[in-house]
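Biologist: I should like to learn how to read a model of this kind, feature by feature. Could we begin with a helix and proceed from there?

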Amino acid sequence: MEKELQVIAEKIERGERISDADALTLFRSHDLLSIGELAAQVNRRKNGERVFFNLNRHINYTNLCVNQCKFCAFSKVEGESGGYTLALDQIRDKAREALKAGATEIHSVGGLHPELPFEFYLDMLKSIKDVSPELHIKAFTAVEIDYFSRISGKTVAEVIRELKAAGLGSMPGGGAEILGQEVRDKICPEKISGRRWLEVTEEVHNHGLKTNATMLFGHVEDYADRVEHMHLLRELQDRTGGFQAFIPLAFQPDNTRVPGAKGVSGVDALKTLAIARIYLDNFQHIKAYWIMLGLKIAQVALCFGVNDLDGTVIEEQIGHDAGADSPQILSMERLIAMIRKAGKIPVERDTLYNERKAY
Amino acid sequence: MLTDIQKKLNSGQPIDRAEALWLLEKADLLAVGKLADAIRQARHPEGRVTFVVDRNVNYSNLCESKCKFCAFYRNEGDADAYLLEYDEIFAKVQELVDHDGTQLLMQGGLHPTLKIDWFEELFRQLRQRFPQVQIHSLSPAEVTHIARLSGLSMPECLGRLHQAGLASVPGGGAEVLVDEVRQEISPNKIGWKQWAAVMEEAHGLGMRTTATMMFGSREKPADIVEHLFRIREIQQRTGGFTAFIPWTFQPDNTELGGETASGIEYLKVLALSRIVLDNVDNIQGSWVTQGSRLGQVALFFGANDLGGTMLEENVVAAAGVSFRISQDELVEMIRGAGFTPARRTTEYRILQEY
C-alpha cells in the first residue's frame, strides 16, 4: 500500500474520521483494491455481512418540468411530444399492481409540473394510501418540496406537515446532484442551490422524516467537488441524523446535454462508492443503484463497502431515458442470487431499514 | 490458507490444485485480486495495458458442431445461413487495414464441405494482398475438422495452413477443458486432448497461440481449476501460449440458456488465472463479454491486456451481448485506471504507446 494510504488506513483502523484531504488522496490514488479493502472493513464493522434490498415500484408521475437540467434525458416541456402526466386513477392502478407484486414501497418523483396545484400531490399521496395504508411512500426531492412551497405560498414547514399528514413516509434524496454551486451553474442552472437543498432537507429531518442523499457524478465535476458534496452531507448528518443511505448515481450521458461528459468508468464507480463508505462515517448505509451502474458492477460493489442494492424497482424511467442498459425489472430471486454469490446475506428490508426477511 | 498461498507466491512457487480451488471457492474477492495484482505488477512493471486493433471475420455460420452454448451457428438450409465469398472477406480486411488494424481473427463453424484448398487459397491471397495483417485464425476444432474433411492428418493439415499464411491460432473452442463438461455443452466438439494436441502441434511449428476458457455454463469450480492447470502443463511443455483469456458463457438465444456468470465470479476466475498461470505472460480482460466498466476493473484483477478493438464481432453479439467500443474509448479506459495504453501486435510487440 502507498504511504499516503497507509496513514489513512491507520485512521480507519482506529475508527477515526478521515479528513477532506484524505478523501482527495483516496480519489487520486490508483490503488483500487486497497481502497476497496478499507471500505469493506468499515462496512463490515457497521453492517456485518448483511446486504439489504427492498421490493419497490417507481412511479414517475410526470415528466413535464419547468427546469431544464442539462444532465436530464427525462424531462419534457409543456406541449412537447412525449410529455405525460399520470392521472390519479393511473397512479392508483400502479400502486395496486405494485402491492400485488409484493412491493412495500412506492418510490415517486417527477418533474416540476408547470400547472398542477399543490393539492394534486396531497391527493396523489392519499390515493396511494387508499390502495393500502401499508405501502410506504418515499417521494419527492427537496427540489420538489421547495417548488411546492413556491406554488402554494406555504412555508416549507407547512408543506412538509401537509405532505406528511397525507401519507408521505420518507424522501429519496434526489436533486442533490453536486451541491457546489459552480457545478450546478453548469449542469442545472435553474434548479435550487445546493444550500437550499440542504436547508429543505434539514427541515424535513426536523419533521421526523428520514431521507437519503444522492450524488450525481461523472459529468463536469472534479474530485474536490465530490469531496465538498460529501463534506456538506456529513456536516448535516452530524446535526440531524436524518439520512439513511448515501447513493452515488453514475451519470448517464446519452440523450443529455452536458458537453464533454463521458459518464462513469467502472473503476471510478467502485472508487467513489468505496470512498463514500470510508468518508461518510455517520451514514449507516451506502447504496449501489444498479439501474445506473449495471448489475455486474453493482454486485462487485458489495466487496467495496456497499451494503444496499436498492430494490427490485419495477418500471424505472429516468435512468433508462439516459441510456442505462440495465434491465427495467429485476426479480427478487436474481437479486438474492447476486448477493449470495458475493458471499453476503441477503436481507429484505422495509424503507426504514427494518428487517423483513433474511434469506 | 491465504498466508500459506501468499508465502508460496512471494517465493515464486506455483500453487497446487487444492489451493487454487480454495481461492476460487472460499477466499475473499479482494484478497484474490490483490494476489493477482501483485503478480501482474511484477510481470509487467512498466504499467502498460495493451490492446490490438483487429477484426473478427466469421467466414461462415454453418456448423456441424451445434454446441448448446452457441447462438451463432446455423444449419444447412436455414434462411440466414451464409458463407462469405473471398471478395467479401477481402473487403472486410481492407476496412481493417484502413483502421490501421494488424490482426485478422477469422473463424467460422465446422462447415460441412469446405476443404483445405478453400482455406489455403484464401490465406495465400490474404497474405499477398494484406502483408501487414497477421492471420490469427481458425481454432483447434476447425483445424481438426478441415483435416478430416480433406483426408489429411491434423499435423499435415495445420502444416499446410501455416505454409499458406496462417500465422497463429486463437485459443477458442477450449470452453472448459474437461470432457465431462464438454459432453454436456458441446458433445460434438473435439475432446480436450485433441484441443491440446492441435495447440502443441502449432507451437511445435513455431506458431504462437492463445488459450481461452468459457465458464459460467455447466462446469463446477473444480473443472475451472483443472482447465487452468491443463493450460499450465501444456505451456510448460511448449511455451507457445501468448495469452490466456477467460470469458463467460452468454446465455441468450442458446440451447443451454440460464444466467451468465456474475461480475464477482468473472473477476475471481480472472484473478485465479493470473495466479495459476505463472508461465503465461499475458492475461486478457474481456470487455466484449463483461462490458467496458467491468473490463476496466479487470485490470486490477490480473489482466494486463484488453484484447482487440474488434471492428466486427458476431458470435457474442448473437448471444445477446453487444458492447461496442472505439479505440479512443479503450485508450481512455486504460488511462482512467492509471495505466499506459499501448497498441500491440498479435505477438505482443508494442507498436505505439498513447
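Biologist: Which residues of α3(B) are buried?

Modeller: The general idea is one of periodicity: an α-helix has 3.6 residues a turn, so residues three or four places apart point the same way. In this predicted model, the buried residues of α3(B) are L29(B), L30(B), V32(B), G33(B), K34(B), L35(B), A36(B), D37(B) and R40(B). The helix covers residues 29-43 of chain B, 15 residues in total. From first C-alpha to last, α3(B) reaches 21 Å, close to the 21 Å expected at 1.5 Å a residue.

Biologist: Against what do the buried residues of α3(B) pack?

Modeller: Within chain B, they pack against α1 (2-10), α2 (17-25) and α11 (263-276). They also pack against α3 of chain A.

Biologist: How many residues does each chain bring to the contact?

Modeller: Chain A gives 21 residues and chain B gives 21 residues. On the side of chain A that touches chain B, the elements giving two or more residues are α3 (32-47), α11 (266-279), α13 (295-301) and α15 (332-341) of chain A. The residues of that side comprise 11 nonpolar, six polar and four charged.

Biologist: At what angle do α10(B) and α11(B) cross?

Modeller: A helix pair is read from its axes and then from its residues. The axes of α10 (residues 221-238) of chain B and α11(B) cross at roughly 35 degrees and come within 10 Å. The crossing is right-handed. From α10(B), the residues I224(B), L228(B), F229(B) and R232(B) meet V269(B), L272(B), S273(B) and V276(B) of α11(B). By class, this contact has six nonpolar, one polar and one charged residues.

Biologist: Let us turn to strands. How many residues of β6(B) are buried?

Modeller: In general, strands of a sheet pair through backbone hydrogen bonds, either parallel or antiparallel. Strand β6 (residues 208-215) of chain B has eight of its eight residues buried, so it is largely enclosed by the rest of the structure. R208(B), T210(B), T212(B) and M214(B) point one way from β6(B), while T209(B), A211(B), M213(B) and F215(B) point the other way.

Biologist: Which residues stand opposite one another where β6(B) pairs with other strands?

Modeller: Strand β5 (residues 168-169) of chain B runs parallel to β6(B) and is joined to it by two bridges. There, S168(B) has R208(B) as its bridge partner. With β7 (residues 241-248) of chain B, β6(B) pairs in the parallel sense over seven bridges. In that pairing, M214(B) stands opposite W247(B).

Biologist: Why does V169(B) count as buried?

Modeller: V169(B), which lies in strand β5 of chain B, counts as buried because it has 29 C-beta neighbours inside 10 Å, and the cut-off for a buried residue is 20 or more. Beyond its neighbours within four places in sequence, V169(B) is in contact with L138(B), S139(B), A202(B), M207(B) and T209(B). V169(B) and H203(B) are 34 residues apart in sequence, yet their C-alpha atoms are 9.6 Å apart in space.

Biologist: What is the strand order of the open sheet of four strands in chain B?

Modeller: The order is β9-β1-β10-β11 (chain B), with mixed pairing. The edge strands, each pairing on one side only, are β9 and β11 (350-353) of chain B. The twist averages 25 degrees from one strand to the next. Strand β10 (residues 340-344) of chain B runs antiparallel to β11(B), and three bridges join them. Within this pair, A342(B) stands opposite E353(B). Helix α14 (residues 327-336) of chain B lies across β1 (48-52), β9 and β10 of chain B, at about 140 degrees to β10(B).

Biologist: Finally, the backbone angles. Where is K66(B) placed, and what is its phi?

Modeller: K66(B) is in the loop between β2 (54-58) and α4 (86-98) of chain B. Its phi is near 50 degrees, a positive value in a residue other than glycine. K66(B) counts as partly exposed because it has 16 C-beta neighbours inside 10 Å.

Biologist: Is M310(B) buried or exposed?

Modeller: M310(B) counts as buried, with 24 C-beta neighbours inside 10 Å. M310(B) is placed in the loop between β9 (305-308) and α13 (315-318) of chain B. The phi of M310(B) is near 50 degrees, again a positive value in a residue other than glycine.

Note on methods
Residues are numbered from 1 along each chain as its sequence is written. Chains are lettered from A and ligands numbered from 1 in the order in which they are written. This is a predicted model: local features need pLDDT of at least 70, side-chain atom pairs count only at pLDDT 80 or more; totals for chains, interfaces and linings use all residues. Two residues are in contact if their C-beta atoms, placed from the backbone, lie within 7 Å. Ala, Val, Leu, Ile, Met, Phe, Trp, Tyr, Cys and Pro count as nonpolar, Asp, Glu, Lys and Arg as charged, and the others, Gly among them, as polar. The expected span of a helix is 1.5 Å times one less than its number of residues. A residue is buried if 20 or more other C-beta atoms lie within 10 Å of its own, exposed if 12 or fewer, and partly exposed in between; C-beta atoms are placed from the backbone. Axes are lines fitted to C-alpha atoms, for helices over the stretch in contact, and angles run from 0 to 180 degrees between N-to-C directions. A crossing is left-handed if the near helix is turned anticlockwise from the far one by less than a right angle, and right-handed if clockwise. Two strands pair if DSSP finds at least two bridges between them.
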